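Trainee: I have a new model open and would like to talk it through with you. Could we start with the overall picture and then go on to the details?

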Amino acid sequence: MPPTQNLPIQEYILVALTAAAVTFLLTGVVRRFAIRIGAIANPRARDVHVTPIPRMGGIGIFLGVAAAMGLAHQLPALSRGFDFSFDSLGVLLAAGVISLIGALDDRFELDAWTKLAGQVMCAGILVIFGVQWVSFWVPWGGGDGSFGQVLVLDKNQGALLTVVLVVVMVNAMNFVDGLDGLAGGLGFIAAAATCSFSLGLLDSSGGDVGAYPPALIAATLAGACLGFLPYNFQPAKIFMGDSGSMMIGLMLAGATTSASGRVPYPQFSGKDALALLSPLVVVAAVLFVPLLDLIMAVIRRTRRGESPFAADKMHLHHRLLEIGHSQRRAVLLIYLWAGLLAFGAVSVTLFDSAAVFWIVGFGFLLATLVSVIPRLRSRNRTA
């Protein structure tokens with residue numbers, strides 16, 4: 001595939017800003033539509049909000065993504081990426097389908113198994129369009145003194161790994177959507193980090209237009225999430241609902257899966273283990289907080305003999321509220337943790353590792369201190 005001379009950074013920024021603007025402009029329309037058809041989130045025992053709030057905001061996010069993708073298709077530089085890969089189109093189609101499924105759930109509350117079937121179907125759409133894991137490096141095996149090896153997956157193995165990754169990411173984002181602005185902010189942070197990582201891959205490939213899709217997918221999602229936040233940050237005027245949280249998870253899975261096929265493994269040596277593992281590291285880091293929340297929820301519920309999909313009020317954001325943080329402070333703290341993990345992992349693959357570890361380590365120390373301050377204050381008062 002032909003390389004380009006310069007990275008189209010300005011075009012990616014324009015696309016992201018377009019996604020943000022269209023999402024911001026259309027979310028108000030979607031809000032009125034949701035109220036008209038009765039897509040309302042009435043307060044439940046596990047909820048934090050106390051008044052009915054419309055949901056289905058994910059439709060506005062998807063429209064922003066679709067508009068930005070349409071613009072990218074018309075831009076001289078980015079349009080070339082559509083000629084060499086169907087990744088962007090596949091992710092856009094799958095995102096549209098899962099947003100529709102989520103919108104139906106926002107209005108009619110579908111059962112968990114129906115949503116799971118829809119998630120698997122949307123993952124299948126990605127696979128049909130060629131968005132699937134092909135290979136990745138592992139730090140074991142190898143021969144002739146080499147460290148590690150690249151595992152090459154056949155179509156069935158790659159498809160299975162892609163489906164599992166999509167389902168896990170979709171449900172992780174769905175589980176973490178419990179405070180105003182939380183899922184939208186995490187989606188923006190994760191997408192921005194993934195876009196940075198993808199631009200690094202694009203640079204290392206010499207500007208190969210075949211490596212455009214992952215950065216485009218992530219840039220459009222980051223912009224759309226940013227455009228939605230003014231409506232969703234506490235106090236929220238509209239919730240994204242499953243139409244938004246599931247779409248964000250799917251697009252993040254699509255972006256990282258698309259990026260995994262662009263890693264130039266032959267350029268790395270054994271000492272570059274983190275760079276070689278970068279697709280998996282970035283996947284784990286950008287969604288560490290929601291994935292941790294998902295795992296803890298599944299363990300907690302199954303130990304009680306309940307369904308893993310049963311709702312409760314013991315998520316990470318609920319625990320931060322119990323400690324004494326306000327809603328806004330709890331959301332900002334989770335932003336801080338997620339940003340440190342996501343951009344820390346990406347920075348290790350792009351910059352000097354030692355410097356990154358020192359900066360991220362200081363950030364973790366600061367985040368830990370800020371997180372426990374309310375509990376320390378309450379202990380001092382009772383002492």
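Mentor: Let us fix one term before anything else: a residue is called buried when its relative accessible area is under 20%, exposed when that area is over 50%, and partly exposed in between. Keep in mind as well that this is a predicted model.

Trainee: OK, so what percentage of the residues count as buried?

Mentor: Of the 383 residues in the protein chain, 52% count as buried.

Trainee: And how many helices and strands does the chain have?

Mentor: The protein chain has 15 helices and 4 strands. As for its contacts, if you take those between residues at least 6 apart in sequence, 76% of them join residues at least 24 apart.

Trainee: Let's look at helix packing. How do helix 1 and helix 8 cross?

Mentor: Helix 1, which spans residues 9–37, and helix 8, which spans residues 212–232, have axes that come within 7 Å and cross at roughly 35°. The crossing of these two helices is right-handed. On the side of helix 1 the contact includes Y12, V15, A16 and A19, while helix 8 contributes residues including Y212, A215, L216 and A219.

Trainee: What classes do the residues of that contact fall into?

Mentor: The contact of helix 1 with helix 8 divides into 14 nonpolar residues, 6 polar and no charged.

Trainee: Then what about helix 1 and helix 2, at what angle do they pack?

Mentor: Helix 1 and helix 2 pack at an angle of about 145°, with their axes 7 Å apart, and the crossing of this pair is right-handed. Among the residues that meet there are L14, V15, T18 and A19 in helix 1, and I59, G60, I61 and L63 in helix 2. By class, this contact has 13 nonpolar, 5 polar and no charged residues.

Trainee: You listed A219 in the first pair. Is A219 buried or exposed?

Mentor: A219 counts as buried, because its relative accessible area is 4%, and its place is in helix 8. If residues up to four places away in sequence are not counted, A219 touches Y12, A16 and C195. There is also a C-alpha to C-alpha distance of 8.6 Å between A219 and T194, which are 25 residues apart in sequence.

Trainee: Changing topic, how many cavities of 30 Å³ or more are there?

Mentor: The count comes to 1 cavity of 30 Å³ or more, and about 50 Å³ of space lies in the largest cavity. The largest cavity is lined by Y12, L78, G81, F82, S85, S88, Y212, P213 and L216.

Trainee: Which elements give two or more residues to that lining?

Mentor: Those elements are helix 3, residues 79–84, and helix 8. The largest share of the lining, 3 residues, comes from helix 8. Taken by class, the lining of the largest cavity has 6 nonpolar residues, 3 polar and no charged.

Trainee: Now some backbone oddities. What is the phi of M56?

Mentor: M56 has a positive phi of about 85° although it is not a glycine. As background, most residues other than glycine have a negative phi. M56 lies in the loop between strand 2 (53–54) and helix 2 (58–74), and M56 counts as buried because its relative accessibility is 4%.

Trainee: And E109, where is it found, and is it buried or exposed?

Mentor: E109 is found in the loop between helix 4 (87–108) and helix 5 (112–128), and at 54% relative accessibility E109 counts as exposed. E109 too is not a glycine, and has a positive phi of about 55°.

Trainee: What about V91, which residues is it in contact with?

Mentor: V91 is found in helix 4, and, leaving aside its neighbours within four places in sequence, V91 is in contact with L126, V131, I217, L250, M251 and G254. V91 counts as buried because its relative accessibility is 0%. The C-alpha atoms of V91 and M247 are separated by 9.8 Å, with the two residues 156 apart along the chain.

Trainee: Last one: where is G130 found?

Mentor: G130 is found in the loop between helix 5 and strand 3 (135–138), and G130 is partly exposed, with a relative accessible area of 45%. The C-alpha atoms of G130 and K155, 25 residues apart along the chain, are separated by 9.7 Å.

Terms used. Residues numbered from 1 in each chain as written. Predicted model: local features only at pLDDT ≥ 70, side-chain atom pairs only at ≥ 80, totals over all residues. Heavy atoms only, no water. Axes fitted to C-alpha atoms, helices over the stretch in contact; angles between N-to-C directions. Left-handed = near helix turned anticlockwise from the far one by under 90°. Contact = heavy atoms within 4.5 Å. Nonpolar A, V, L, I, M, F, W, Y, C, P; charged D, E, K, R; others polar. 1 Å grid on protein atoms, 1.4 Å probe; cavity = no way out; pocket = protein on both sides within 12 Å on 5 of 7 lines; lining within 4 Å. Points joined across faces, edges and corners; volume = space filled by probe spheres on them. Buried < 20%, exposed > 50% of the residue type's maximum accessible area, 1.4 Å probe, protein only.
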